Amino acid sequence: MAEPAFHSQRFDLAVDTISKADLEEVIAWLRAYPRLTMADVTREFEAAWARWLGVKYAVMCNSGSSANLMMYAAAESAGLARTKKIVVPATGWATTVMPALQLGWQPMMCESDQRSFGLDLDCLEKLLQRERPETLILVHVLGVPNDMTRLRSLQQKYDFEIMEDCCASHGARHRGQMVGTFGLMSSFSFYYGHHMSTVEGGVVCTNDEKLYFHLLMARSHGWLKDLPAAEAQRVMEKYGVDPFRAPFTFVVPGFNLRPTDINAKIGLIQLPKLDDTIRRRIANHLVYQRRLAGKLDFAQALEGDVISSISFCAVAGSTEQRRRIVTELDRQKIDTRIFTAGNLGRHPFWADRYGAFEAPMADRLYRCGFFLPNNQSLEPADVERVCDVVCAAL
Ligand SMILES: Cc1ncc(COP(=O)(O)O)c(C=O)c1O
């Protein structure tokens, strides 16, 4: 194949979804001197997000990492984590796993699946048989859905709760159903470069009313103040709290993970654009799949599932081949990086405590995985161009 010519455009892994027009809208809103701390606009965004995803409750917070922390905290304070045993994925994000360490849970790491790069369900079943954990947190890695049908049949057999980290998989679907609607709770990130951005931001979603109350408390100091009136009344009666003291009664161990109404306002402006962004990312992903099939490994969707990728992850045949490809990408001004964090169990935060987690697939992703750009600013023709560079460097 002929060597691809240098080009002047830089292809970035991440670009902002917040446009100049969006900022003008925020500025116009600010000119009316609205309240900026969390209030009505946050509630409006939460209702809009819950409608978009198709769940009853959404609790916005200040990052996807905070959303994960809130899921753990709510599960614990709602009494779902008596043994504190939780299965965590080897590939995902550090803050998918870290709350388990911070809150004194007993995490057990699960190998990555060759097809989805999510949980290897055979390894998972062995863990379930041996350890009987009550909870599991999974990541739909880079927008590739886990096999939720098989996971649910394991759930029926072994009885555990599922938390879904969807921080980088907005709009991915398994058998037509949106990820983030399978588990007891799910988290999404609205950081820069994700499918939509609120500058910093995140949200936890659930259909469970009790967990919703616990999420509201986890987000804000553990206090009673944010609970809906009927639930606040019930808690007041349970603890014999009079109305004067009630707002500043601290019911469960909480944090301050609140967003501001500025983030929520930006979210309300971003949300109508989300479906189009997802459509573009899906189209770009399909080009990568077509062009790189048989040349490099990458995650595969189950038939009928939809991958809504944040970046395209390719897996080289060796670390040396990866080095050749990324050197050429760099030369051609195409942004790249290692595959997420690779094997989380090899990072010091985990390995210093539990010893390095050795797992063939997660290790392979660590040694040979790398990212190729996929974002809403790229057209399929741009992706073709990136693939030309990759193929020439193989
Ligand atoms: C799977 C996953 N979980 C959690 C996060 C953390 O989100 P945030 O950066 O908003 O804290 C990320 C960030 O990229 C992620 O990819």
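# Reading a predicted model

Me: In which helix is Arg150 found?
Reply: Arg150 is found in a helix that covers residues 148–158. The model that shows this placement is a predicted one. The helix that holds Arg150 is α6.

Me: Is Arg150 buried, partly exposed or exposed?
Reply: The relative accessible area of Arg150 is 31%. Buried means under 20% and exposed means over 50%, with partly exposed in between. Since 31% falls between these limits, Arg150 is partly exposed.

Me: What distance separates the C-alpha atoms of Arg150 and Leu121?
Reply: Along the chain, Arg150 and Leu121 are 29 residues apart. In space, their C-alpha atoms are separated by 8.0 Å.

Me: Where is the place of Arg280, and is Arg280 buried or partly exposed?
Reply: Arg280 has its place in helix α9, which covers residues 261–292. Its relative accessible area is 27%. Buried would need a value under 20%, so Arg280, in helix α9, is partly exposed.

Me: How far apart are the C-alpha atoms of Arg280 and Leu378?
Reply: The two residues are 98 residues apart along the chain. The separation of their C-alpha atoms is 8.0 Å.

Me: Which backbone nitrogen lies 3.5 Å from a polar atom of the side chain of Glu134?
Reply: Glu134 has its place in the loop between α5 (121–131) and β4 (135–139). Glu134 is buried, because its relative accessible area of 13% is under the 20% limit. The backbone nitrogen that lies 3.5 Å from a polar atom of the Glu134 side chain belongs to Lys84.

Me: What is the phi of Arg132?
Reply: Arg132 is found in the loop between α5 and β4. With a relative accessible area of 48%, Arg132 is partly exposed. Most residues other than glycine have a negative phi. Arg132 is not a glycine, yet its phi is positive, at about 50 degrees.

Me: What is the phi of Val199?
Reply: Val199 has its place in the loop between β8 (185–189) and β9 (202–206). At 45% relative accessibility, Val199 counts as partly exposed, because 45% is not over 50%. Although Val199 is not a glycine, it has a positive phi of about 75 degrees.

Me: Is Val179 buried or exposed?
Reply: Val179 lies in the loop between β7 (177–178) and β8. The C-alpha atom of Val179 is separated by 15 Å from that of Gly202, a residue 23 positions away along the chain. The relative accessible area of Val179 is 0%, which is under 20%. Val179 is therefore buried.

Me: How many residues surround the ligand?
Reply: The closest residues to the ligand are Gly64, Ser65, Asp165, Ser189 and His194. By class, the shell has five nonpolar, eight polar and one charged residues. The number of residues that surround the ligand is 14.

Me: What is the distance from a polar side-chain atom of Ser65 to an oxygen atom of the ligand?
Reply: A polar backbone atom of Gly64 lies 2.8 Å from an oxygen atom of the ligand. For Ser189, a polar side-chain atom lies 2.7 Å from an oxygen atom of the ligand. For Ser65, the distance from a polar side-chain atom to an oxygen atom of the ligand is 2.6 Å.

Me: What percentage of the accessible area of the ligand does the protein cover?
Reply: On its own, the ligand has 390 Å² of accessible area. The part of this area that the protein covers is 86%.

Me: Which element gives the largest share of the shell around the ligand?
Reply: The ligand sits in the largest pocket. The elements that give two or more residues to the shell are α3 (64–77) and α4 (94–102). The largest share is three residues, and it comes from α3.

Terms used:
Residues are numbered from 1 along each chain as its sequence is written. This is a predicted model: local features need pLDDT of at least 70, side-chain atom pairs count only at pLDDT 80 or more; totals for chains, interfaces and linings use all residues. Side-chain values use heavy atoms; hydrogens and water are left out. A residue is near a molecule or strand if one of its heavy atoms lies within 4 Å of it. A polar contact is a pair of N or O atoms within 3.5 Å; within protein, one must be able to donate a hydrogen and the other to accept it, and residues adjacent in sequence count only if both atoms are side-chain atoms. Accessible areas come from the Shrake-Rupley method with a 1.4 Å probe; for residues, only the protein chains shown count as cover. On a 1 Å grid over the protein atoms alone, a cavity is a set of points where a 1.4 Å probe fits but cannot get out, and a pocket is an open set with protein on both sides within 12 Å along at least five of seven lines; lining residues have an atom within 4 Å of a point. A molecule sits in a cavity or pocket if more than half of its atoms lie within 2 Å of its grid points. Helices (H or I, at least four residues) and strands (E, at least two) are DSSP runs, numbered from the N terminus. Ala, Val, Leu, Ile, Met, Phe, Trp, Tyr, Cys and Pro count as nonpolar, Asp, Glu, Lys and Arg as charged, and the others, Gly among them, as polar. Buried means under 20% relative accessible area, exposed over 50%, partly exposed in between (1.4 Å probe, protein chains only).
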